[in-house]
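Visitor: I'm new to this one. Could you show it to me and walk me through it?

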Amino acid sequence: MSFAPLLLEIKNLHVHYAVYGGRLKVLDGVDFHMRTGEKVGLVGETGCGKTTMMKAILRVLPMPPAQIPQGEIYFNGRDIRKMSGNDLQRVRGRGISMIFQDPTAALNPVFSVGEQLGAVIQYSAERGKALSHQEIHQRAIAALQEVALADPERLLRSYPSQLSGGMRQRVCIGMALATHPQLLIADEPGTSLDVTIQDQVLRLLRTLVAEKDTSVILITHSLGIVREMTDRVYVMYAGDIVEVAVTPNLFANPLHPYTQGLISTVPRLTGGGIASGIPGRIPNYLTPPTGCRFHPRCPHVMDICRAEKPPAYRVDDDHEVACFLYRTENRV
Ligand code: SF4
């Protein structure tokens, strides 16, 4: 168990989207925390609310249609939701950086790499401190060298359309780390790249965050990457955190039926037949299932699961699961 200071703490976070026909209840009371220096994985199916949660942290959700009816988000002990513009700028500048899923969409096609990187470096500078052109240029060169991009002078003059997908992803990583953030949020980095380039990008990311001891939230579908890169894992299903554990425990002893299904879908080199998967699909957020949102897909569903939302049960110091199977009376 780590005793480093709490870096990020989310309490009972709800996010809804107002849409034609009602409200999409995308986050349903999420609790999350991480300590300085931790590498935390966040896994779950597409559409389960992972990216919404990260955008809420950075306060970049489109409001409206997004609404946050309840919830607190503390970064270094201060509630991000109550921060003023200057404090928020500091958090986004040197506090938290994010690498988005699609590097093509993350970069603006009409500005050169140098203009975009320079703007990030200036934004993250000490409040009110204007950096010289030369200083920005030197820092931009260093940022590109750090992500192993050759000929950085030429790259600074290039436009995103002149770079390959792998180079764009490296530029995005360089940009995110150029601000020396305390916390890096990596949202499925490299998902849009082919697997060999994705592997190179992830290895580079792992090396850089280890060298700088940056705290990381890694969002991914790949359980293999999570297993390699993280200390602790949160499993999310349909807007709820359903299980959290230190990484080796989660893989050795997954408790929630959803986590068990997720892990069973990982192909094994040793064979073992066809992956069983999880029948059904993620629910409609306009009319989510009552009680446990996983109950329509759960092989162990009980009457109480349809009526009540399961709380998080602590099964040991580093392992919690939100499932009625782990009520004290159900444990053997
Ligand atoms: Fe299944 Fe019930 Fe546990 Fe939900 S609370 S995962 S429905 S057993």
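Guide: Sure, and keep in mind that this is a predicted model. One term before we start: a residue counts as buried when its relative accessible area is under 20%.

Visitor: Is helix 1 enclosed or open, and why?
Guide: Helix 1 covers residues 50-58, nine residues in total. Seven of them are buried, so the rest of the structure leaves helix 1 largely enclosed.

Visitor: Which residues of helix 1 are buried?
Guide: Buried here means under 20% relative accessible area. The residues of helix 1 that meet this cut-off are Lys50, Thr52, Met53, Met54, Ala56, Ile57 and Leu58.

Visitor: What phi does Arg59 take?
Guide: Look at the spot just after helix 1, where Arg59 sits. Its phi is positive, at about 55°.

Visitor: Now the empty spaces. What volume does the largest cavity have?
Guide: Searching the whole structure turns up two cavities of 30 Å³ or more. The largest cavity has a volume of about 90 Å³.

Visitor: Which residues are closest to the centre of the largest cavity?
Guide: The largest cavity is lined by 15 residues. By class, 12 are nonpolar, three are polar and none is charged. Closest to the centre come Cys292, Cys298, Cys305, Cys323 and Phe324.

Visitor: Where does the ligand sit?
Guide: Among the residues around the ligand are His256, Cys292, His295 and Phe324. The shell around the ligand has nine nonpolar, three polar and no charged residues. As for the place where the ligand sits, that is the largest cavity.

Note on methods:
Residues numbered from 1 in each chain as written. Predicted model: local features only at pLDDT ≥ 70, side-chain atom pairs only at ≥ 80, totals over all residues. Heavy atoms only, no water. 1 Å grid on protein atoms, 1.4 Å probe; cavity = no way out; pocket = protein on both sides within 12 Å on 5 of 7 lines; lining within 4 Å. Points joined across faces, edges and corners; volume = space filled by probe spheres on them. Nonpolar A, V, L, I, M, F, W, Y, C, P; charged D, E, K, R; others polar. Near = heavy atom within 4 Å. Sits in = over half its atoms within 2 Å of the grid points. Buried < 20%, exposed > 50% of the residue type's maximum accessible area, 1.4 Å probe, protein only. Helix = DSSP H or I, 4+ residues; strand = E, 2+ residues; numbered from the N terminus.
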